Amino acid sequence: MKKLSSTELFNIFSQQDHEVFADNGMVQELDNDFITFGTIIVGMRNYDILDHMYRYRYQEQYEGVKDTLKLKYFDSLIRYASRIDNLRSDTVQDLNDEFGKQEIIGMLNQLLQFYEQQEHYDNCAIIFKLLQKFI
């Protein structure tokens, strides 16, 4: 069986929404908080799917790389979150309508708890600031 590599495991989802917009000449969309936040939500969904898939298929082998992989993947999502300076109330409402308030709060809480355990408090502050907009 091929050895799992935490550096290659999530390459299937490596092209983010921002890259797709840039590649298609839609540069004005890159500063859109709705798109940026949506990228985080979709990224969390993708992580959950792949985590379950690899946990089932590779079991013990996956256990050896899952923590490193989760940190690396969540760090890429935090880079998107740090781009959001101040979500406007109309954008918050649009996000709630599109993704659902409970999913958004759950996803942000999952990120917050992870970074609290890691003691990465700068990332906690970024997430908490976003979470406050949805509570």
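**Figure 1. Crossing of helices H6 and H7 in the predicted model.** The axes of helix H6 (residues 101-118) and helix H7 (residues 121-134), taken as lines fitted to C-alpha atoms over the stretch in contact, come within 9 Å. They cross at roughly 160°, on a scale from 0 to 180 degrees between N-to-C directions. H6 is therefore roughly antiparallel to H7 (angles over 145 degrees). The crossing is left-handed, that is, the near helix is turned anticlockwise from the far one by less than a right angle. Residues are numbered from 1 along each chain as its sequence is written. Local features need pLDDT of at least 70, side-chain atom pairs count only at pLDDT 80 or more, totals for chains, interfaces and linings use all residues, and side-chain values use heavy atoms, without hydrogens and water.

**Figure 2. Residues in contact between H6 and H7.** Contact means heavy atoms within 4.5 Å. On the H6 side, the participants include Ile104, Leu108 and Tyr115; on the H7 side, Cys124, Ile127 and Phe134 are among them. By class, this contact has 13 nonpolar, 2 polar and 2 charged residues.

**Figure 3. Helix H4.** Helix H4 (residues 66-81) has 16 residues and should span 22 Å, because the expected span is 1.5 Å times one less than the number of residues. Its end C-alpha atoms are 22 Å apart, in agreement with that value. The buried residues of H4 (under 20% relative accessible area, 1.4 Å probe, protein chains only) include Leu69, Tyr73, Leu77 and Ala81.

**Figure 4. The protein as a whole.** The secondary structure comes to 7 helices (DSSP runs of H or I, at least four residues) and 0 strands (runs of E, at least two). Buried residues make up 39% of the 135 residues.

Conventions:
Buried means under 20% relative accessible area, exposed over 50%, partly exposed in between (1.4 Å probe, protein chains only). Angles under 35 degrees count as roughly parallel, over 145 as roughly antiparallel, 65 to 115 as roughly perpendicular and the rest as oblique. Ala, Val, Leu, Ile, Met, Phe, Trp, Tyr, Cys and Pro count as nonpolar, Asp, Glu, Lys and Arg as charged, and the others, Gly among them, as polar.
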